[in-house]
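This report looks at how two chains meet and at a few residues whose backbone or surroundings deserve attention. Please keep the sequence and the structure in view while reading.

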Amino acid sequence: MLRVEVSKQLGSFSVDVAFASEGRVTGLFGPSGSGKTSLVNMIAGLMTPDRGVISVDGEALDDTTQHLHVAVHRRRIGYVFQDARLFPHLDVRRNLDYGRRMNRLARDTAQEARLNEMLNIGHLLDRRPGQLSGGERQRVALGRALLSRPRLLLLDEPLGSLDEDRKAEILPYLMRLRDEASVPMVYVSHDPDELRQLALQVVMLKRGRIAAFGSPEILPA
Amino acid sequence: MFDISPPEWTAVLLSLKVGVVATLAATPIAIALAWTLARYEFWGKSIIDAAVHLPLVLPPVVTGYLLLLTFGKRGLVGGWLADHLGIVFAFRWTGAALACGVMSFPLLVRPIRLSIDAIDRRLEQAASTLGASTWQVFATVTLPLALPGILAGMVLGFAKAIGEFGATITFVSNIPGETQTISSAIYSLIQTPDGDRAALRLVIVSIVMSMAALVASEVFARRATRRLHGN
């Protein structure tokens, strides 16, 4: 379970949000500038809230009353960015293996094989990120985040930089991921159709506040 | 014409030794400093930045004299080092390496800092979400991505170090076999009657070494860039 109760002032803009979600996929919906990315960055620990609490499965990651802020690298929260952010100096294989090496985890060849198959990236392992298409890059980024064995996966508009055909190519992978991987996800998007297909619960943001919270039915047509 | 005499060889080899030691010793300091200057804002940053570049614009004789005052046998730091650690810089080849290291330092720091500035910091954020600590991010993302700049800086610094003259001769004098580098050897030969031919030989050696260093710097930078961008 993810519990978020934070406020943060960012120049003249402020985020003031409280929700708790149980769902396997929580959708964060809102127009650009509604505070989605700031919220996700706070959950990841890249940004510290001015006031409030963030906890995952009962473990507090931020609690300003206790002056608690768990460092990004100790949170075990995976993050798939809109722009993939693969390491350009490492081939796909070493990009995928990065999280395992940094966390000194034992190799899990079964999971590697399953993800290679599920994301269809097995044939890309020896390539460099510079030689991948946008869709391939995003699939590798997904695999890389999952192989670091996170307890929560954040996806910030992972299809945002792709055209319609590429989006249609990746969506089925994300749906399989939702149904087969046991990692809860927070999925950020400004596209109601995307969230209708993926999310089980939706948090609707508007100018840094929650406008609505509920099932995907609350999404605009 | 090209019979390089043993004393001339000694000067050439000493220059190479001084250049290599100066560059290797200065590089980790330059990386740490370049990283700090590229990544942090703090009080006095512009003063440190100016101080790093000072040897570039100060008369070399001034830098050499300041080194003599600081690291000489009766200098503040030099005296302490000699008494407590037995490290002596004055009139030793180690002093020549120190002088060359200081003089080439700005040339070393600048390309490293530029290449760290050019790194997309969002890659470092991605690394930390994958579980990398600050030090791991530095070692596995920042450092490899800055490698072209580091290599370019090292070669440029080395090229400067093997040719340094003013600060070296002021600080450690011109002792054949100990502190007489190729530059001070050329200077001595020009002062000597009939030294012209020998001076010319060393001039040619010096040009060849400097050219080789500059070409190597280009090759390293190009190869490292290619490696980083994956083609």
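Helices, of at least four residues, and strands, of at least two, are taken here as DSSP runs numbered from the N terminus. The model is a predicted one, and what follows should be read with that in mind.

**The interface between the chains**

The size of an interface is often given as the accessible area lost when the parts come together. For chain B and chain A this buried area is about 2000 Å², with 60% of it on carbon and sulfur atoms. Within that area, B:Leu123, B:Thr129 and B:Leu130 supply 32% of what chain B buries against chain A, which is more than any other three residues contribute. Counted by residues, 21 of chain B are in contact with 23 of chain A.

**A pair of helices across the chains**

Helix H2 of chain A, residues 92-102, and helix H7 of chain B, residues 134-163, have axes that come within 12 Å and cross at roughly 155°. Because angles over 145 degrees count as roughly antiparallel, H2(A) is roughly antiparallel to H7(B). The crossing of H2(A) and H7(B) is right-handed. From H2(A) the contact is made by A:Tyr98, A:Arg101 and A:Met102, and from H7(B) by B:Gln136, B:Val137, B:Thr140 and B:Val141. Sorted by class, the residues in the contact of H2(A) with H7(B) are four nonpolar, two polar and one charged.

**Two arginines with positive phi**

Most residues other than glycine have a negative phi. Two arginines of chain A, neither of them a glycine, have a positive value instead, and the table sets out their phi, place and accessibility.

| Residue | Phi | Loop in chain A | Relative accessibility |
|---|---|---|---|
| A:Arg149 | about 50° | between helix H4 (134-147) and strand S8 (152-156) | 29%, partly exposed |
| A:Arg207 | about 45° | between strand S10 (201-206) and strand S11 (209-214) | 65%, exposed |

**A buried methionine**

Is A:Met185 buried or exposed? With a relative accessible area of 4%, A:Met185 is buried, because values under 20% count as such. A:Met185 lies in strand S9 of chain A, which covers residues 185-189. Leaving aside residues up to four places away in sequence, A:Met185 touches A:Arg24, A:Val25, A:Thr26, A:Leu152, A:Leu153, A:Leu155, A:Leu174, A:Leu177 and A:Arg178. The C-alpha atom of A:Met185 is separated by 17 Å from that of A:Val72, a residue 113 residues apart from A:Met185 along the chain.

Conventions. Residues are numbered from 1 along each chain as its sequence is written. Chains are lettered from A and ligands numbered from 1 in the order in which they are written. This is a predicted model: local features need pLDDT of at least 70, side-chain atom pairs count only at pLDDT 80 or more; totals for chains, interfaces and linings use all residues. Side-chain values use heavy atoms; hydrogens and water are left out. Axes are lines fitted to C-alpha atoms, for helices over the stretch in contact, and angles run from 0 to 180 degrees between N-to-C directions. Angles under 35 degrees count as roughly parallel, over 145 as roughly antiparallel, 65 to 115 as roughly perpendicular and the rest as oblique. A crossing is left-handed if the near helix is turned anticlockwise from the far one by less than a right angle, and right-handed if clockwise. Contact means heavy atoms within 4.5 Å. Ala, Val, Leu, Ile, Met, Phe, Trp, Tyr, Cys and Pro count as nonpolar, Asp, Glu, Lys and Arg as charged, and the others, Gly among them, as polar. Buried means under 20% relative accessible area, exposed over 50%, partly exposed in between (1.4 Å probe, protein chains only). Buried area is the accessible area (1.4 Å probe) that two parts lose on being put together, summed over both.
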